[in-house]
Amino acid sequence: MHIHALKLEHFRCYARLDLDLGPGLHILVGPNAGGKTSVLEAVGLLALTKSHRTSQDKDLVQWGQEWARIDGAFTSGAGRPLSLRATIRSSARGEPNAPRKTMELNRVPRARAADIVGQVPIVVFGPEDLGLVKGPPSGRRRFLNEAIAQIKPGYLADLMRYRRALRQRNECLKTIRRDPSARELLDAWDVPLVEGGAAIATGRA
């Protein structure tokens with residue numbers, strides 16, 4: 001997989017940036033706070049549908065602007081062209097039901113992250129990722145989830161199914177505290193929880 005063009009508009013510190021990237025290794029050089037990491041963040045957002053630096057999409061929009069856009073042009077190892085676009089809005093003013101972030105694959109809007117993740121395999125490693133070694137297990141699980149989802153079709157769907165079952169089962173447990181007769185509902189969430197957990201464990205192994 002090779003990225004040969006990247007275009008940023010109102011993204012982070014960039015009002016506009018057009019990069020043409022040839023084959024081979026590229027090294028970004030510049031002063032602190034010059035925007036080097038923002039370029040890498042943009043590529044990561046296209047590949048993973050989210051930033052590795054913030055959970056708030058509105059933080060990605062340049063100060064004073066209402067939207068940001070990232071366009072990336074790629075070529076697969078088999079020579080297949082592929083384009084990704086992310087559009088982020090800083091607010092929902094005028095359109096309260098419109099999504100803050102939209103993703104497009106080859107000019108076609110995609111609502112599910114699973115349709116994007118894995119199209120451009122990528123590993124982002126920054127200074128904060130030293131916590132993978134020193135930090136809690138949750139960080140290592142998150143890193144594994146992102147990596148496996150890109151190379152194993154269906155893993156992201158298994159993960160989302162497991163999280164949904166876990167959330168519903170926990171809500172059921174809260175209901176049982178108030179109404180013990182609701183205990184019979186618990187079994188309905190045990191099966192999808194076990195099946196999803198087994199699929200995730202297999203993928204990680």
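The legends below describe close-up views of a predicted model of one protein chain.

**View 1. Overall arrangement of the protein chain in the predicted model.**
The protein chain holds five helices and six strands. Along the sequence, these elements follow the pattern β-β-α-β-β-β-β-α-α-α-α. Taken along the principal axes, the C-alpha atoms fill a box of roughly 65 × 45 × 35 Å. Of the 205 residues in the chain, 33% are buried. Among contacts with a separation of 6 or more, 53% are between residues 24 or more positions apart.

**View 2. The open sheet of six strands.**
The strands are arranged in the order S2-S1-S3-S4-S5-S6, and their pairing is antiparallel. S2 and strand S6 (108-110) form the edges, each pairing on one side only. From one strand to the next, the twist averages 15°. Helix H1 (residues 36-48) lies across S1, S2, S3, S4 and strand S5 (101-105). The direction of H1 is at about 110° to that of S1.

**View 3. The hairpin of S1 and S2.**
Six bridges pair strand S1 (residues 2-11) with strand S2 (residues 14-20) in the antiparallel sense. Phe-11 has Tyr-14 in S2 as its bridge partner. Two residues separate the strands of this hairpin, and Arg-12 in the turn has a positive phi of about 50°.

**View 4. From S1 through S3 to S4, with Arg-69 as the point of reference.**
S1 pairs with S3 in the antiparallel sense over seven bridges. Within this pairing, Glu-9 has Arg-69 in S3 as its bridge partner. Arg-69 also stands opposite Thr-87 in S4. Strand S3 (residues 67-75) and strand S4 (residues 81-89) run antiparallel and are joined by nine bridges. Another pair in this part of the sheet is Trp-67 and Arg-89, the latter in S4. The hairpin of S3 and S4 has five residues between the strands, and Gly-79 takes a positive phi near 85° there.

**View 5. Surroundings of Ser-38 in helix H1.**
Ser-38 has a relative accessibility of 6% and therefore counts as buried, the limit being under 20%. Beyond its neighbours within four places in sequence, Ser-38 is in contact with Phe-11, Arg-12, Tyr-14 and Arg-53. Of these contacts, Phe-11 and Tyr-14 are the bridge partners of View 3, and Arg-12 is in the turn of that hairpin. Thr-49 is 11 residues from Ser-38 in sequence, and the two C-alpha atoms are 15 Å apart in space.

**View 6. Gln-62 in the loop between H1 and S3.**
Which residues does Gln-62 contact, leaving aside its neighbours within four places in sequence? They are His-10, Phe-11, Arg-12, Cys-13, Tyr-14 and Ala-15. Gln-62 is buried because its relative accessible area of 17% is under 20%. Cys-13, one of the residues that Gln-62 contacts, is partly exposed, with a relative accessible area of 43%.

**View 7. The largest pocket.**
The volume of the largest pocket is about 710 Å³. Its lining comprises 29 residues, of which Ile-3, His-26, Leu-28, Leu-40 and Val-43 lie nearest the centre. S1 and H1 are the elements that give two or more residues to this lining. With five residues, H1 gives the most.

**View 8. Asp-158 in helix H4.**
Helix H4 spans residues 155-178 and includes Asp-158. The relative accessibility of Asp-158 is 12%, so this residue counts as buried under the 20% limit. Not counting residues up to four places away in sequence, Asp-158 touches Gly-196, Ala-199 and Ile-200.

**View 9. Cysteine residues Cys-13 and Cys-172.**
How many disulfides does the model contain? The count is zero, on the criterion of cysteine sulfur atoms within 2.5 Å. Is Cys-172 buried or exposed? Cys-172 counts as buried because its relative accessibility of 7% is under 20%. Cys-13, by contrast, has a relative accessible area of 43% and is partly exposed.

Definitions and conventions. Residues are numbered from 1 along each chain as its sequence is written. This is a predicted model: local features need pLDDT of at least 70, side-chain atom pairs count only at pLDDT 80 or more; totals for chains, interfaces and linings use all residues. Side-chain values use heavy atoms; hydrogens and water are left out. Two strands pair if DSSP finds at least two bridges between them. Helices (H or I, at least four residues) and strands (E, at least two) are DSSP runs, numbered from the N terminus. Axes are lines fitted to C-alpha atoms, for helices over the stretch in contact, and angles run from 0 to 180 degrees between N-to-C directions. Contact means heavy atoms within 4.5 Å. Buried means under 20% relative accessible area, exposed over 50%, partly exposed in between (1.4 Å probe, protein chains only). On a 1 Å grid over the protein atoms alone, a cavity is a set of points where a 1.4 Å probe fits but cannot get out, and a pocket is an open set with protein on both sides within 12 Å along at least five of seven lines; lining residues have an atom within 4 Å of a point. Grid points are joined across faces, edges and corners, and a volume is the space filled by probe spheres set on the points.
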